[in-house]
Amino acid sequence: MIKSTLVLLLAGIAAFLTLAFRPAAEPKTQIFLVGDSTMADKADLTKPERGWGMEFGQYFDGSVTIRNTAVNGRSTKSFLREGRWAKVLEELKPGDWVFIQFGHNDSKVEDSVRSAPAQTLYRQLLTRYVQEAKKKGANPVLLTPVGRRYFDENGKRKDDHGEYPGVVREVAKAQKVPLIDVHEKSWALYSQLGEQGTRPLFWSYQNGYYQPNPVAPAKNDNTHFSEYGATRVAQLVAEGVQEQKLGLASRLAHTAFDGKFAHDLPVVLEPVFRKDTFNIVKYGAVPDGQTLNTAAIQKAIDACSEKGGTVLIPRGLWLTASIELKSNVNLHAAKGALVQFSSKLSDYHLIRTTWEGEEAIRNQAPLYGHDLENIAITGQGTFDGAGDAWRMVKKSKLNPSQWQKLLDSGGVLNEKKDTWYPSAQSLKGSLANKPGILKPGQEAKPEEFADVKDFLRPNMLSLTRCKQILLEGVTIQNSPAWTIHPLLCDNITLRNVTAKNPWYGQNTDALDLESCRNGVVEGCTFDVGDDGICIKSGRDEQGRKRGVPTENFIIRDTKVYHAHGGFVIGSEMSGGARNIYVSNCTFMGTDVGLRFKTARGRGGVVENIFVDGVDMTDIAGEAILFDMYYAAKDPVPLLGESTAPPVMTAEPLNEGTPQFRNFRIRNVTCKGAATGILVRGLPEMSIKDISIENAVLESKQGLVCQEAENIRLKNVTLLSSNTKPVMEVQNSRNITLDGIRYTSGADLLLRVTGDRSKDIRLTNTNTKLAKKGVELGQKLNKKTVLLSKK
């Protein structure tokens with residue numbers, strides 16, 4: 001007992017000594033925010049108003065503490081007179097930062113408590129703040145007042161702060177302190193968004209608060225921010241910290257993406273709804289699986305859209321045909337609700353829409369909306385699109401018993417007896433040349449396509465030219481074609497959405513973001529018969545004429561099963577794609593993992609694509625694929641299909657020549673694939689500026705790189721079973737292979753062929769583990785490949 005007590009005592013003394021002599025944690029850097037309501041914290045978070053200081057902290061790492069001392073309604077004069085500046089000075093420590101921003105209230109001449117004329121008192125007080133902060137050893141930073149939303153009748157910028165921004169600039173210069181010109185930065189943002197686009201930045205324009213024709217003294221607030229607006233302004237200030245190269249810039253929050261800070265990523269505007277609820281039962285809907293509830297559900301949506309709110313679909317089986325969504329409506333499917341769309345094709349009608357990037361006549365989508373704002377589909381319910389009633393099925397996709405069951409269900413076969421169609425109309429459409437596709441400028445009436453109506457499958461959820469979209473929690477399954485298709489939409493949020501389609505379902509992509517801007521896709525699960533997460537922007541001439549890229553999307557924490565591709569760009573990408581950020585995704589059993597595909601004739605530029613943290617298993621084709629020879633067929637050939645690569649002959653450059661450039665891919669693993677990395681550009685347009693770092697890829701083939709330029713692999717492990725060779729480079733230049741690991745005993749590490757190949761560097765790689773290190777093709781001299789010793 002005494003011995004155990006002594007042991008405990010000694011252990012306690014040791015622990016005390018360890019704590020006593022542990023180096024003190026480095027104190028956090030403090031940023032004091034000194035200003036008015038546009039910056040200030042808000043006590044009542046049930047109300048929509050926010051100050052930008054409330055959102056500023058997210059753009060710094062954990063070594064920074066934000067001290068927001070800004071107060072509503074204060075000016076340089078009143079902030080000082082109330083003793084607030086004195087309290088800041090008391091707490092300032094050497095090395096702290098003070099961001100000073102006033103002006104909104106200083107200009108109120110009629111208010112003697114706050115008024116501070118620009119050229120006299122305002123200038124004097126700003127100077128005083130700066131000098132007194134310096135005396136405390138702190139780092140003052142002056143900010144011009146953030147812009148008010150003042151547009152004239154022509155949508156042009158109006159004067160909003162008079163002389164005040166100019167005085168701030170002059171004081172900063174005279175006192176030799178940093179300046180962040182928030183006034184000009186905010187107006188650059190306002191001018192980009194326009195009169196209508198700036199409304200969501202300000203709290204009074206949110207759904208439920210906006211007054212179209214306010215009666216005095218009521219008015220819409222064009223000064224104070226919504227949460228979205230406050231975040232955008234905080235982002236501008238963080239951007240200013242980096243641009244000014246302040247010492248504080250070292251504390252800005254980094255992301256997983258190469259060279260990108262938190263403030264570089266897009267901010268997405270989510271919809272806001274009134275609390276009113278409209279239950280579809282009150283409008284006559286019956287959950288018996290027999291009653292067609294289309295009219296009842298539509299009545300509930302129409303009634304809700306008058307002022308906004310939530311349309312509730314309770315638990316039960318609700319049969320319906322196509323539903324048309326409306327602005328300011330959240331369609332909420334409760335847990336246990338199954339919305340079953342009709343399998344009777346005559347319940348749907350033809351409309352003018354798009355199909356795979358081109359103008360077309362198709363059946364209206366089961367969930368449909370156009371030119372809407374502030375919309376959502378939420379809840380834990382399920383929407384089933386009755387896709388089996390629409391889709392053709394190839395015999396090769398089914399086993400004999402499945403095929404026989406399908407034949408017994410009805411329908412018709414094609415002449416070869418290898419493809420089943422649900423109706424004679426559907427078969428007739430399959431024999432036509434691009435049925436339903438409209439040529440540019442073509443005027444056509446839907447009834448002209450009535451004889452092939454059944455072939456013209458709709459997408460499941462089709463949204464065109466919509467803004468502020470939220471899809472959260474729901475399951476969308478059994479789609480006739482593409483499952484979720486926003487086109488020309490802005491500010492899209494998909495959160496915890498499940499998309500499920502049969503693995504044999506043709507064209508049943510889970511998510512197709514086409515010519516859309518600003519969005520986040522997170523926590524989703526996709527298990528479909530075609531591509532999983534797909535970025536598109538129109539096809540060929542029509543897509544180039546539209547000229548709207550898909551841009552500014554964050555895609556994270558998402559799983560994809562059994563799709564053609566996990567994360568895909570193309571092939572309909574004629575309007576381009578840029579600024580896409582993918583992280584923490586898992587692809588299981590997909591044909592291809594990361595799939596970037598295009599073809600001659602598409603045109604368009606795909607650039608600034610960042611990928612970090614993707615794990616893959618059982619990939620039938622390529623783990624990472626860049627392909628400019630996309631042939632519009634399954635990425636894994638079926639039995640009997642040709643596997644021969646295309647013949648590569650150069651063609652003249654034109655507007656239809658596509659471009660891939662500036663991809664940054666890091667931290668990727670793959671266990672099982674046909675090919676680890678395939679890069680296949682065009683002779684006339686190589687694939688450029690690709691970086692793949694920290695990857696472990698187990699596959700049959702390792703690297704195949706054709707018609708590429710400025711490709712960099714660093715710390716990449718290629719565990720290929722076919723080592724003749726591990727890496728193949730053809731007609732490519734400026735290729736860096738740095739720190740490559742591979743299976744010991746490989747037959748050949750690197751083969752370089754093609755008379756256009758040059759500047760191939762193999763560094764920090766043990767070539768002695770292979771039976772032969774490098775093999776050069778004809779017409780290539782030894783200088784083509786530079787080896788570093790290891």
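**A first walk through the chain**

Hi everyone, let me start with a single residue: threonine 354 is buried, with a relative accessible area of 8%. Before I go on, please keep in mind that this is a predicted model.

So where does threonine 354 sit? Its place is in strand β13. And which residues does threonine 354 touch, once we leave out those up to four places away in sequence? The answer is Glu359, Ala360, Arg362, His485 and Leu487. Please hold on to strand β13, as we will come back to that strand in a moment.

Let me step back to the whole chain. There are 12 helices and 49 strands in the chain. The radius of gyration is 31 Å, close to the 28 Å that the globule rule gives for 790 residues, so the chain is as compact as a globular protein of that length. If you draw a box around the C-alpha atoms along the principal axes, that box is roughly 90 × 80 × 75 Å.

How much of the chain is buried? Of the 790 residues, 56% are buried, and threonine 354 counts as one of the buried residues, because its relative accessible area of 8% falls under the 20% cut-off. As for the outside, the chain exposes about 34,100 Å², and carbon and sulfur atoms supply 50% of that area. Now for contacts between residues at least 6 apart in sequence: 74% of those join residues at least 24 apart.

Next, the holes inside. How many cavities of 30 Å³ or more does a search of the whole structure find? It finds 2. The largest cavity holds about 80 Å³ of space, and its lining is made of 14 residues. Nearest the centre of that cavity you will find Thr353, Asn363, Ala365, Asn459 and Ser462. Two elements give two or more residues to this lining, namely β13, residues 350-355, and β14, residues 358-363. Here is strand β13 again, as promised: β13 gives the most to the lining, with 4 residues. Sorted by class, the lining of the largest cavity has 7 polar, 5 nonpolar and 2 charged residues.

The second largest cavity has about 30 Å³ of space. Its lining consists of Gln659, Phe660, Arg661, Met685, Ser686 and Lys688. Which strand supplies the largest share of that lining? That is β38, spanning residues 659-671, with 3 residues. By class, this second lining has 2 nonpolar, 2 polar and 2 charged residues.

Now to some backbone details, and a bit of background will help. Most residues other than glycine have a negative phi, and most peptide bonds are trans. With that in mind, let me show you a few places to look at.

We can begin with phi. Lysine 176 has a phi near 55 degrees, which is a positive value in a residue other than glycine. You will find lysine 176 in the loop between α6 (164-175) and β5 (179-180). Is lysine 176 buried or exposed? Lysine 176 is exposed, because its relative accessible area of 76% is over the 50% cut-off.

Glutamine 468 also has a positive phi, near 60 degrees. This time the place is strand β22, residues 467-472. Glutamine 468 is buried, with a relative accessible area of 9%.

Then come the peptide bonds. The bond from glycine 570 to serine 571 is cis, with omega near 0 degrees. Serine 571 belongs to the loop between β33 (565-569) and β34 (577-588). Further along, the bond from lysine 724 to proline 725 is cis as well, with omega near 10 degrees. Proline 725 is in the loop between β42 (708-720) and β43 (727-730).

One last stop: glycine 441. Where is glycine 441 found? In the loop between α11 (424-431) and β21 (461-464). Glycine 441 is exposed, with a relative accessible area of 68%. Its C-alpha atom is 9.4 Å from that of glutamate 359, although 82 residues separate the pair along the chain. You have met glutamate 359 before, as one of the residues that threonine 354 touches.

And that takes us back to threonine 354, buried in our opening and placed in strand β13. Thanks for listening, and do turn the model around as we talk!

Methods
Residues numbered from 1 in each chain as written. Predicted model: local features only at pLDDT ≥ 70, side-chain atom pairs only at ≥ 80, totals over all residues. Heavy atoms only, no water. 1 Å grid on protein atoms, 1.4 Å probe; cavity = no way out; pocket = protein on both sides within 12 Å on 5 of 7 lines; lining within 4 Å. Points joined across faces, edges and corners; volume = space filled by probe spheres on them. Nonpolar A, V, L, I, M, F, W, Y, C, P; charged D, E, K, R; others polar. Buried < 20%, exposed > 50% of the residue type's maximum accessible area, 1.4 Å probe, protein only. Rg over C-alpha atoms; globule rule 2.2 N^0.38 Å. Contact = heavy atoms within 4.5 Å. Areas by Shrake-Rupley, 256 points an atom, 1.4 Å probe, with all protein chains shown as cover.
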